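Work through the exercises below with the sequence and the coordinates at hand. Try each task before reading its solution.

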Amino acid sequence: MNTIRQAKMREFIEQNHVVTIRELQALFPDVSLMTIHRDLDALAGDGVLRLPKELQPPLALKLNWAMAVERYE
């Protein structure tokens with residue numbers, strides 16, 4: 001993932017708390033919708049890994065998610 005875009009997307013989401021795909025498309029007009037979805041998947045995965053262990057999903061789910069994100073990147 002483009003780390004500059006990821007940082008901007010994370011900052012935008014933190015400031016607004018709830019965002020729509022249209023808002024992200026407006027923020028990144030030169031980025032495809034598929035790329036925005038991939039970036040959101042990666043950001044969500046990062047967020048899951050920051051949860052306390054007892055709130056994280058099972059290891060198998062985390063591994064599947066990590067492999068999917070790795071394929072995208």
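Contact means heavy atoms within 4.5 Å. The model used throughout is predicted.

**Exercise 1. Describe the overall make-up of the chain.**

Step 1. Count the secondary structure elements. The chain has four helices and zero strands.

Step 2. Read them in order. Along the sequence the pattern is α-α-α-α.

Step 3. Set the dimensions. Along the principal axes, the C-alpha atoms fill a box of roughly 35 × 25 × 20 Å.

Step 4. Take the surface. About 5,400 Å² is exposed by the chain, and carbon and sulfur atoms supply 58% of it. Of the 73 residues, 23% count as buried.

Step 5. Look at contact range. Take the contacts with a separation of 6 or more: residues 24 or more positions apart account for 49% of them.

**Exercise 2. Characterise the packing of α1 against α3.**

Step 1. Choose the descriptors. Two packed helices are described by the angle between their axes and the distance between the axes.

Step 2. Get both values. Helix α1 covers residues 3-16 and helix α3 covers residues 33-50; their axes come within 11 Å and cross at roughly 70°.

Step 3. Classify the angle. The range 65 to 115 degrees counts as roughly perpendicular. The crossing angle therefore makes α1 roughly perpendicular to α3.

Step 4. Assign the hand. The crossing of α1 and α3 is right-handed.

Step 5. List the residues that meet. From α1 come Arg5, Gln6, Met9, Arg10 and Ile13. From α3 come Thr35, Ile36, Asp39, Leu40, Leu43, Asp46 and Arg50.

Step 6. Sort them by character. The contact of α1 with α3 divides into five nonpolar, two polar and five charged residues.

**Exercise 3. Find what is unusual about the backbone of His17, and say how exposed the residue is.**

Step 1. Recall the background. Most residues other than glycine have a negative phi.

Step 2. Check the torsion. His17 is not a glycine, yet its phi is positive, at about 65°.

Step 3. Place the residue. His17 sits in the loop between α1 and α2.

Step 4. Apply the cut-off. Exposed means over 50% relative accessible area. His17 has 65% relative accessibility, so His17 counts as exposed.

**Exercise 4. Are the two loop residues Thr20 and Lys53 exposed or partly exposed?**

Step 1. Locate Thr20. Its place is in the loop between α1 and α2, where α2 covers 21-27.

Step 2. Classify Thr20. Its relative accessible area is 40%, so Thr20 is partly exposed.

Step 3. Locate Lys53. This residue lies in the loop between α3 and α4, where α4 covers 59-72.

Step 4. Classify Lys53. With a relative accessible area of 66%, Lys53 is exposed.

Step 5. Add distances. Thr20 and Met67 are 47 residues apart along the chain, and their C-alpha atoms are separated by 25 Å. Lys53 and Pro29 are 24 residues apart, with C-alpha atoms separated by 37 Å.

**Exercise 5. Relate sequence separation to distance in space for His37 and Asp41.**

Step 1. Place both residues. His37 is in helix α3. Asp41 is found in helix α3.

Step 2. Take the accessibility. His37 has 38% relative accessibility and counts as partly exposed. Asp41 is partly exposed, with a relative accessible area of 32%.

Step 3. Work out the first pair. His37 and Ala66 are 29 residues apart in sequence and 15 Å apart in space, C-alpha to C-alpha.

Step 4. Work out the second pair. Asp41 and Ala68 are 27 residues apart in sequence, with 9.0 Å between their C-alpha atoms.

How values were computed: Residues numbered from 1 in each chain as written. Predicted model: local features only at pLDDT ≥ 70, side-chain atom pairs only at ≥ 80, totals over all residues. Heavy atoms only, no water. Axes fitted to C-alpha atoms, helices over the stretch in contact; angles between N-to-C directions. Helix = DSSP H or I, 4+ residues; strand = E, 2+ residues; numbered from the N terminus. Parallel < 35°, antiparallel > 145°, perpendicular 65-115°, else oblique. Left-handed = near helix turned anticlockwise from the far one by under 90°. Nonpolar A, V, L, I, M, F, W, Y, C, P; charged D, E, K, R; others polar. Buried < 20%, exposed > 50% of the residue type's maximum accessible area, 1.4 Å probe, protein only. Areas by Shrake-Rupley, 256 points an atom, 1.4 Å probe, with all protein chains shown as cover.
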